[in-house]
Amino acid sequence: MHDLFQVKIERLHQEGRIGTANSNRDAQKSFDSFRPKLNLKEITVDFLNAYETYMLRKGCKPSTIGMYTRALRAIVNEAMYNRNDPVSMDYPFSESPQDCKYKIPVGMNRKKALPKSALEMIKNYEPRGYGEARAKAFWLFSYYCNGANFTDILHLTFQDMEGEYLVFQREKTKRSKRKPKIIKAFLREEMKQIIQIWGNSGEEKGDFIFPVLNRGLTEEREHQLVKQFVRVTNKYLNKITESLGIDHVSTYAARHSYATTLKRNGVDVAFIADSLGHSLSLIHI
């Protein structure tokens, strides 16, 4: 299994899917630790149940176990349905609620949307220092920009500004074989002010709007910088919410809050999914 994971990780790196490659590497290390030299055909229902028990005893969360076992399932699927040399084995993962096969655990689906009162408190908050000011600005930009995630925001270029709209493709779908997801977000005055204060001064079409990434970086370095920016932003968001006396929020909360605000206002779920860049089947509000 180690070698199969390694092939998958290298392919993901070549495709520029750095985050997925890293999560697969974490899964590889976990299974290597539990069962060194694991063979594909040793992956049975009993093996998976034993692995889950082992991980729980280590204090791992169900969401982590789910992430690793989904990565393993993807490799099993690829091996079993390989057109050139399919592997014959009993499929151990559950395919229906009624079967007795292994069911991948899921984490708690915690609601992350802020109530209207908390949103207004964040909008009106007077930041204390550079870190809080930047965190507030980018969180609100995400909220106003159709709940765009920070990876997409930091990859925005001036070329994406088309009149009164930002029109961009989601980073996670750029290399997908499926139809790309295009986001069209109205450039509100609040967003223009944030760009003016926190954006780059140059307006060459290919320049990034925000000065976090630079041209010529490797995809792995871009991934590191985005991850670092999100981590620091979350740190200062926690300081803001502590000062306000409200529940802690993360960068992701802006996305969920945007979707929930639309739903509260009676907007059709299909429109919400489209504005988020989701397929309708993936949206849960």
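Two strands count as paired if DSSP finds at least two bridges between them, and strands themselves are DSSP runs of E with at least two residues, while helices are runs of H or I with at least four, both numbered from the N terminus. With that in hand, we can start at the sheet. Phe168 stands opposite Ile183 in strand 3. Strand 2 (residues 165–169) and strand 3 are joined in the antiparallel sense over five bridges. The whole sheet is open, with three strands in the order 1-2-3 and antiparallel pairing. Strand 1 (161–162) and strand 3 (182–186) each have a single partner strand and stand at the edges, so one side of each is left without a neighbour in the sheet.

Before going on, a word about what you are looking at. This is a predicted model, in which local features need pLDDT of at least 70 and side-chain atom pairs count only at pLDDT 80 or more, whereas totals for chains, interfaces and linings use all residues. Residues are numbered from 1 along each chain as its sequence is written, and side-chain values use heavy atoms, with hydrogens and water left out.

Now step back to the chain as a whole. It has eleven helices and three strands, and from the N terminus on the elements run α-α-α-α-α-α-α-β-β-β-α-α-α-α. Of its 285 residues, 42% count as buried (under 20% relative accessible area; exposed is over 50% and partly exposed lies in between, with a 1.4 Å probe and protein chains only). The accessible surface comes to about 16600 Å², and 49% of this belongs to carbon and sulfur atoms; the areas come from the Shrake-Rupley method with a 1.4 Å probe, and for residues only the protein chains shown count as cover. Among contacts (heavy atoms within 4.5 Å) with a separation of 6 or more, 55% are between residues 24 or more positions apart.

Let us look at the N-terminal helices next. Phe5 lies in helix 1 and is buried, with a relative accessible area of 1%. Leaving aside neighbours within four places in sequence, Phe5 is in contact with Asn24, Ala27, Gln28, Phe31, Ala71, Leu72 and Ile75. The C-alpha atoms of Phe5 and Ala27 are separated by 8.5 Å, although the two residues are 22 apart along the chain. One of those partners, Asn24, lies in helix 2 (residues 18–34) and counts as buried at 4% relative accessibility. Not counting residues up to four places away in sequence, Asn24 touches Phe5, Lys8, Ile9, Leu12 and Ala71.

Charged side chains add another set of links. A salt bridge here is a side-chain nitrogen of Lys or Arg within 4 Å of a carboxyl oxygen of Asp or Glu, and by this rule the count comes to ten. In one of them, the side chains of Glu78 and Arg11 meet at 3.0 Å, N to O. Glu78 lies in helix 4 (residues 62–80) and Arg11 in helix 1 (residues 2–14), so the pair ties together parts that are 67 residues apart in sequence. Glu78 is partly exposed at 37% relative accessibility, and Arg11 is partly exposed at 31%.

Another salt bridge brings us back towards the sheet: Lys192 pairs with Glu164, and their closest N and O atoms are 2.9 Å apart. This pair links distant parts of the chain, with Lys192 in helix 8 (residues 189–198) and Glu164 in the loop between strand 1 and strand 2, 28 residues apart. Returning to Arg11 and Glu78, salt bridges that share partners join these two and Lys8 into one network.

Helix 5 (residues 116–124) shows two sides. Ala118, Leu119 and Ile122 are buried in this helix. Seen down the axis of helix 5, its buried residues fall within an arc of 105° (taken from the directions from the axis to the C-beta atoms), so they line one face of the helix. On the other side, Lys116 and Asn124 are exposed. Helix 5 also holds a salt bridge between Glu120 and Lys123, with the closest N and O atoms 3.5 Å apart. Glu120 and Lys123 are three residues apart in helix 5, and thus separated by about one helical turn.

Finally, a look at confidence. The chain averages a pLDDT of 86, and 88% of the residues score at least 70; pLDDT is the predictor's confidence in each residue, from 0 to 100. Over residues 279–285, pLDDT stays under 50, and the model has 15 contacts beyond four places in sequence for this stretch. Where pLDDT is low, the predicted coordinates should not be read in detail.
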